[in-house]
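Colleague: Could you take me through one part of this model slowly, as if I were new to reading structures? I'd like a close look at a single strand and whatever surrounds it.

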Amino acid sequence: MSDNIPVWRIKYLPHSLNEVCGRTELIQRLSDIIKERNFPHLLFIGPEGSGKTTIATLFSEEFLGKYFKSNFQKVYADMPLNSEELKQARSDAYISTSKIGSLAGKKVTTPAFIQVKIKPFIELKALGDVPFKILIVKNFEALDSNQQAFRRLMEIYGKNCRMILITTKASAIIDPIISRCQIFLISPPKFEDFKGEITKIVDQEDVEIEENNIKLLYKITNGKIAEAIDLLQLSSMSGKKIDNTVLYQNLMNSQTNLVRNLLLICLKGDFLKARELSRKIQSNYKYSSQEVFKLMLKEMLKLPLSRYAREKIINLIADADFRAVDGLDTDIQISNLLAKLCDFAEIL
Amino acid sequence: MKDTLERPWVEKYRPQSIKEMAIPQAKVSGHRVALDEELRTFIKTFLTEIQNINEKNKKIRIYNRTVEDKKQKKELSVPPEKSAVLLEGPPGVGKTSIVYALANDLNMEVIETNASDTRTRDALESKLKETVKSRGIMDFIVQSKAKLILIDEIDGIYGVTDRGAVPAVLDLIENTQFPIIMCSNDYKRNLQTLYNKIRKIEISALSKDEILKVVKRILKKEKIDNFNPKDLNYIIEKNEGDLRGTINDLQGIYQGGLDTDTSELIYQLNRDNNEEIFSLIRELFQDARTLQQARNITDKSDVDYNFLYKWINENLPTFIKKTNELKTAYENLSLADEVFGRIRKNQYWSLLPYFYDLFSGGVVLARKYHPENEGFRRINFPRFTSTGFFSLTVAEHSFVEKIQEKYNVSEIEIIQNLLPFLRKLTSDSRKYLKLVSDWFDLDAKEKKLLTK
């Protein structure tokens with residue numbers, strides 16, 4: 001079955017906690033928890049692509065066993081609600097006058113996200129022979145001030161449901177939440193483990209890669225195993241043997257390439273073209289303005305520019321980003337940044 | 001004589017009688033009817049009906065005076081479907097005109113109300129109710145002209161803001177002494193209760209030949225014979241059965257002089273909703289030199305500022321080419337956007353003037369270099385709106401769903417991370433394209449996403 005999967009990153013997805021690449025200590029702790037059949041709310045902190053969600057899902061799967069499907073849910077805190085869900089939230093917020101209690105006829109002001117995505121799941125008791133349900137909340141930091149609403153939820157419904165909160169930014173989580181959770185720091189796999197995983201894949205897929213190139217792979221992907229596997233697969237298409245030139249050739253992913261082009265066009269001073277490209281990037285990859293700014297910042301550092309120019313450009317990007325927070329039309333703010341970059345290029 | 005010259009042709013040639021009209025096709029619940037006959041019979045039946053009922057009511061009133069409260073009979077009224085009719089059709093086909101022409105033929109007086117004058121229930125009631133219920137003092141002495149009530153643009157009056165208006169209209173219909181004709185452009189859901197009670201006549205757009213007949217008559221009367229038939233055809237086609245728009249276009253072109261390039265004139269005279277915004281933006285960028293001028297231009301227009309500054313954003317680079325001017329303009333525009341965002345957030349509407357000045361004046365004054373003869377610049381519609389929301393197209397959505405069946409990650413991850421990778425993987429090799437699409441079970445549309 002797994003032989004037919006054309007995408008390696010899916011093919012080599014771990015199917016149990018033991019298969020997870022490296023991080024043995026952490027896996028051991030989680031396995032102990034499964035044996036004990038009890039755990040407090042958990043908070044997973046770690047960089048992007050380090051496998052937090054995969055580990056959390058596998059953990060829940062093993063903890064819940066055959067009752068996994070009915071007692072597990074994964075929600076994305078950064079996914080905006082669609083109109084239907086918003087409508088539902090609005091109607092749910094109103095408590096009918098036919099109900100008994102002091103709240104009858106009033107409106108509850110729970111944030112819509114929690115009203116629609118969280119409450120319906122955690123309010124109900126666990127089904128089957130498990131102590132509680134498990135709810136995974138991804139990108140928890142995106143909730144901002146709505147985190148406050150979680151404080152009570154975690155206490156009131158703790159009996160029904162334990163939560164695994166996943167975040168990349170520990171600093172964005174408010175203290176009361178942190179104090180209610182057991183914290184797991186999840187780092188990318190160590191090089192040794194990374195190497196083991198890659199060699200396993202290399203052997204199975206019948207390609208060759210030298211050890212120092214594995215090192216290179218580790219370095220350029222920052223240990224993100226899924227990204228490394230993607231890169232490996234792309235490189236394997238051009239030949240059985242993978243060396244550093246092939247790796248570098250395939251490294252450039254299309255988004256960063258486009259953003260780099262965007263910067264170059266700006267520095268040539270062609271505003272109209274730049275705006276067109278930036279719109280294309282936004283609509284093709286569904287980036288928010290903030291993500292575009294971030295990518296631009298990242299790519300700008302790779303361009304050969306003077307220190308003065310870099311400083312100036314960072315300033316411009318930061319300014320635009322700040323304005324976008326308060327402003328309404330992000331396209332205007334991005335256009336503003338592009339115009340300023342064009343103008344700055346002329347001074348250079 | 002000068003007076004007639006300045007009158008819009010639409011008013012000047014508004015038909016005085018049904019005979020002069022290009023009568024549009026009409027349908028009542030799917031069956032074709034002759035519009036003029038339909039309206040004529042409607043008015044006649046109403047008038048006979050109301051006479052009967054008034055006489056009966058008189059008797060009831062006399063009877064009521066003699067008995068105690070409990071035994072009193074209710075006064076009768078004309079059933080709604082006989083007292084009011086709704087004309088629904090596209091703009092400019094002659095809904096209002098036919099009512100006036102008909103009233104003229106039948107020697108009736110039209111009492112008109114429309115969205116431009118009355119927008120609220122109170123205004124509507126104060127204007128109509130007295131006329132509807134009572135009869136003038138003179139009515140008892142001389143036989144005055146019969147009256148006809150025309151509620152024009154009913155879809156405009158009774159928008160979401162004023163829910164009370166529909167009951168007001170229903171009330172009016174039940175108690176009226178005069179026939180009521182209503183006009184509307186399109187179907188509105190909040191008028192559903194109204195639709196259920198009254199007869200609706202659907203009017204379709206005028207045919208090309210009918211418009212041509214009317215237009216030729218007008219041209220003959222104006223003694224214009226040098227109009228290029230091709231241009232005429234173009235104007236008629238562009239207006240899509242809108243006679244009023246056609247006549248307005250004609251007048252505009254004729255009075256603008258026929259020497260210049262007609263097609264450009266036609267373009268400038270574009271009669272759809274964007275026309276005002278087009279000319280406004282041209283004026284702002286090409287004519288305004290001072291803050292005061294910019295202010296005047298934005299003040300006098302009633303274009304929604306929510307849209308206006310987006311239009312300015314879209315068209316800024318069309319008019320301002322120099323990068324340093326562009327930079328200043330955008331600096332001000334982005335500041336305007338920021339200010340507007342803060343105003344909205346904190347509800348400080350009194351600070352709105354700053355926003356106005358920044359996006360109009362601030363942008364316009366950034367332009368220092370005005371070429372002598374700039375020529376015609378095309379205005380673009382603000383197509384791109386980044387709302388910051390993550391929304392997928394239909395194809396993307398089904399693609400994401402198919403992927404999630406096999407590989408459960410978030411939509412964002414699929415679009416931003418996996419899709420670009422799959423594109424790269426499949427772009428070089430047909431084998432992989434087949435493998436991937438087979439495994440994920442993608443259909444042709446979803447496959448297209450990969451090859452895009």
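Modeller: Start with A:Ile136, which stands opposite A:Ile164 in strand β4 of chain A. Keep in mind that this is a predicted model. That pair belongs to a longer seam: five bridges join β3(A) to β4(A), residues 161-167, and the two strands run parallel. To get from β3(A) to β4(A), the chain crosses through helix α7, residues 147-156, and this β-α-β crossover is right-handed.

Now look at the other neighbour of β3(A). Strand β2 of chain A, residues 72-76, is joined to β3(A) by five bridges, and these strands run parallel too. Here A:Ile136 turns up again, as the bridge partner of A:Lys74. A:Phe72, for its part, stands opposite A:Ile134 in β3(A). If you're wondering what holds such neighbours together, strands of a sheet pair through backbone hydrogen bonds, either parallel or antiparallel.

So how buried or exposed is β3(A) itself? Six of the six residues of this strand, 133-138, are buried, so it is largely enclosed by the rest of the structure. Buried here means under 20% relative accessible area. In a regular strand the side chains alternate between the two faces of the sheet. You can check both faces of β3(A): A:Lys133, A:Leu135 and A:Val137 are buried on one side, and A:Ile134, A:Ile136 and A:Lys138 are buried on the other. Notice that the two lysines are on that list of buried residues as well.

Step back a little and you'll see the whole sheet. It is an open sheet of five strands in the order β2-β3-β4-β1-β5 (chain A), with parallel pairing. At its edges stand β2(A) and β5(A), residues 181-185, each with a single partner strand, so one side of each has no neighbour in the sheet. From one strand to its neighbour, the turn is 20° on average, direction ignored.

Back to the connecting helix, then. α7(A) lies across β1 (41-45), β3, β4 and β5 of chain A, and runs at about 150° to β4(A). One of its residues is A:Glu155. Unlike the buried residues of β3(A), A:Glu155 is partly exposed, with a relative accessible area of 43%. A:Glu155 and A:Arg180 are 25 residues apart in sequence, yet their C-alpha atoms are 8.6 Å apart in space.

If you'd like something to set beside all this, try the sheet in chain B. It is also open, but it has seven strands in the order β2-β1-β7-β3-β6-β5-β4 (chain B), and its pairing is mixed. The edges there are β2(B), residues 31-33, and β4(B), residues 108-113; each has a single partner strand, so one side of each is left without a neighbour. The twist in this sheet averages 30° from one strand to the next. For an antiparallel pair, look at β1(B), residues 26-28, which is joined to β7(B), residues 199-203, by three bridges. Within that pair, B:Ala26 stands opposite B:Ile203. A helix lies across this sheet too: α5(B), residues 95-105, lies across β3, β4, β5, β6 and β7 of chain B, running at about 180° to β5(B).

Terms used
Residues numbered from 1 in each chain as written. Chains lettered and ligands numbered in written order. Predicted model: local features only at pLDDT ≥ 70, side-chain atom pairs only at ≥ 80, totals over all residues. Heavy atoms only, no water. Buried < 20%, exposed > 50% of the residue type's maximum accessible area, 1.4 Å probe, protein only. Helix = DSSP H or I, 4+ residues; strand = E, 2+ residues; numbered from the N terminus. Pairing = 2+ DSSP bridges. Right-handed = clockwise from strand over helix to strand, strands pointing away. Axes fitted to C-alpha atoms, helices over the stretch in contact; angles between N-to-C directions. Contact = heavy atoms within 4.5 Å.
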